[in-house]
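Welcome, and thank you for taking a look at this structure. Please keep the sequence and the 3D view at hand while you read the short tour below.

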2 protein chains.
Amino acid sequence: MLTIYGMADSGNCYKVKLAAEQLRIPYRWVEVNSAKGETRTPAFLARNANGKVPTLGLEDGTFLPESNAILNYLAEGTPLLPAERLARARVLQWMFFEQYSHEPYIAVARYILRYLPPDTPRRADLPRLHERGYQALGVMEQHLAREPYFAAGRYTIADIALYAYTHCAADGGFDLGRLPAVQRWLDRVRGEPGHVPLG
Amino acid sequence: MLTIYGMADSGNCYKVKLAAEQLRIPYRWVEVNSAKGETRTPAFLARNANGKVPTLGLEDGTFLPESNAILNYLAEGTPLLPAERLARARVLQWMFFEQYSHEPYIAVARYILRYLPPDTPRRADLPRLHERGYQALGVMEQHLAREPYFAAGRYTIADIALYAYTHCAADGGFDLGRLPAVQRWLDRVRGEPGHVPLG
């Protein structure tokens, strides 16, 4: 059986849980609290030298890190990942967008407001995080005003990747009220069979 | 014919050029200078709403952004991208590592030192960029001490993605002298058939 090393409140870890649930893949969940340093222990670094969750423990005894690589691994050969070359590239386009242009702003703003004390000097980063985060949300809004999902005209792992931190963006001080197409897409994703909430 | 919208000195754009050359895929190169605002014009934003190069112009008239998604598109069905499920996931593991844990530090340090004036306040970011960049290089060193390439035991698009900003890391103030396995891997990549330099 697969083992997901993850932190329940992390959006990156939630992606893997959501895909495993929707694909009905059995898994064992091992809670690893990165806020308590549990991703920097020698035992954990032997699984993922980059010291991050999620990390997937495979049946052959090896480990696969990187939430979006794990999603591709789990979804290969299923309706959540198209087989056609350009459709696959579009799925990856949005997954790389998520990790480069979305998560570093939207997830980090959530981290500062949810996990750090109110007097943390990192609150000074919030205006820049909000500016960049709203840019990413604006790119999503523009796409979703024309298309129901991010790639291939249907629900894929690109939607799972972007849902993870978008649906809880308010935790980071983002107001999704200005983004009607994003809101309708969030509702569509929540309505997909087998959906489970964060946590 | 494919069109690569790119900036010749950008490592992310170089990835696409290097793969196209090694795969002998004909392309037209359109130079787009992001430092002069050419990625924020209405004409360019119609190609990529996220306003970034590289962006690939496809023969069907649509556009594909995100360097690593483009690499996957170009390499599908070639020796640069394995067909087997876990090997593909390992390629993606290192490509997501590159965009999340490597490029935001190593490429950004290079950008500050190469493109901004010597008195830019952003030089204050360099100690943190160097700390995080050396962490990423350390993860690469540990892997390359055991393996000749990043995935599947052979040269793949994961190596192209990581070569792009690692081979010019000195531009950002990084000293690769401490990283013998990384240096041997850089030499191996430079020796691959059809290799072309940045620029």
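In this predicted model, helix α4(B) (residues 85-115) and helix α6(B) (residues 157-166) have axes that come within 9 Å and cross at roughly 10°. Angles under 35 degrees count as roughly parallel, and α4(B) and α6(B) are therefore roughly parallel to each other. By class, 10 nonpolar, two polar and three charged residues make up the contact of α4(B) with α6(B). On the α4(B) side, the residues that meet α6(B) include Val91(B), Trp94(B), Met95(B), Glu98(B) and Arg110(B). From α6(B), the contact involves residues including Ile157(B), Ala161(B), Leu162(B) and Tyr165(B).

**Where the chains touch**

Helix α4(B) also takes part in the contact between the two chains, to which chain B and chain A give 24 residues each. On the side of chain B that touches chain A, the elements giving two or more residues are β4 (63-65), α3 (67-75), α4 and α5 (126-144) of chain B. Which of them gives the largest share? That is α4(B), with 12 residues. Sorted by class, this side of chain B has 13 nonpolar, seven polar and four charged residues.

Now look at Ser101(A), which sits in helix α4 (residues 85-115) of chain A. Is Ser101(A) buried or exposed? There are 22 other C-beta atoms within 10 Å of Ser101(A), so this residue is buried, the cut-off for that being 20 or more. Apart from its neighbours within four places in sequence, Ser101(A) is in contact with Ala136(A) and, in the other chain, with Asn50(B). Arg40(A), by contrast, is 61 residues from Ser101(A) in sequence and 26 Å from it in space, C-alpha to C-alpha.

**An enclosed helix**

Helix α3(A) (residues 67-75) is worth a visit too. Nine of its nine residues are buried, so α3(A) is largely enclosed by the rest of the structure. Among these buried residues are Ser67(A), Asn68(A), Ile70(A), Tyr73(A) and Leu74(A). What covers them? The cover includes α1 (11-22), β3, β4 (63-65), α4 and α6 (157-166) of chain A, and α4 of chain B is part of it as well. After α3(A) comes Gly77(A), which has a positive phi near 80°.

**The sheet**

In chain A, four strands in the order β2-β1-β3-β4 form an open sheet with mixed pairing. Its edge strands, each pairing on one side only, are β2 (27-31) and β4 of chain A. From one strand to the next, the twist averages 25°. Helix α1(A) packs on this sheet and touches β1, β2 and β3 of chain A, and its direction makes about 150° with that of β1(A). Strand β1(A) (residues 2-6) runs parallel to β2(A), to which five bridges join it. Within this pair, Ile4(A) has Trp29(A) as its bridge partner.

Turning to chain B, strands β1(B) (residues 2-6) and β2(B) (residues 27-31) pair in the parallel sense over five bridges. Together with helix α1(B) (residues 11-22), these strands make a right-handed β-α-β unit. Strand β1(B) also runs antiparallel to β3(B) (residues 55-57), with three bridges between them. Ile4(B) makes a handy landmark here: its bridge partner in β2(B) is Trp29(B), and it stands opposite Leu56(B) in β3(B).

**Backbone details to look for**

Most residues other than glycine have a negative phi, and most peptide bonds are trans. The table lists some exceptions.

| Site | Backbone feature | Place |
|---|---|---|
| Val53(A) to Pro54(A) | cis peptide bond, omega near 0° | Pro54(A): loop between α2 (42-47) and β3 (55-57) of chain A |
| Val53(B) to Pro54(B) | cis peptide bond, omega near 0° | Pro54(B): loop between α2 (42-47) and β3 of chain B |
| Arg24(B) | positive phi, near 55° | loop between α1 and β2 of chain B |
| Glu66(B) | positive phi, near 80° | loop between β4 and α3 of chain B |

How do the surroundings of the last two compare? Arg24(B) is exposed, with 8 other C-beta atoms within 10 Å, whereas Glu66(B) has 28 C-beta neighbours inside 10 Å and counts as buried.

Note on methods
Residues are numbered from 1 along each chain as its sequence is written. Chains are lettered from A and ligands numbered from 1 in the order in which they are written. This is a predicted model: local features need pLDDT of at least 70, side-chain atom pairs count only at pLDDT 80 or more; totals for chains, interfaces and linings use all residues. Two strands pair if DSSP finds at least two bridges between them. A crossover is right-handed if, with the strands pointing away from the viewer, the path from the first strand over the helix to the second runs clockwise. Axes are lines fitted to C-alpha atoms, for helices over the stretch in contact, and angles run from 0 to 180 degrees between N-to-C directions. Angles under 35 degrees count as roughly parallel, over 145 as roughly antiparallel, 65 to 115 as roughly perpendicular and the rest as oblique. Two residues are in contact if their C-beta atoms, placed from the backbone, lie within 7 Å. Ala, Val, Leu, Ile, Met, Phe, Trp, Tyr, Cys and Pro count as nonpolar, Asp, Glu, Lys and Arg as charged, and the others, Gly among them, as polar. A residue is buried if 20 or more other C-beta atoms lie within 10 Å of its own, exposed if 12 or fewer, and partly exposed in between; C-beta atoms are placed from the backbone.
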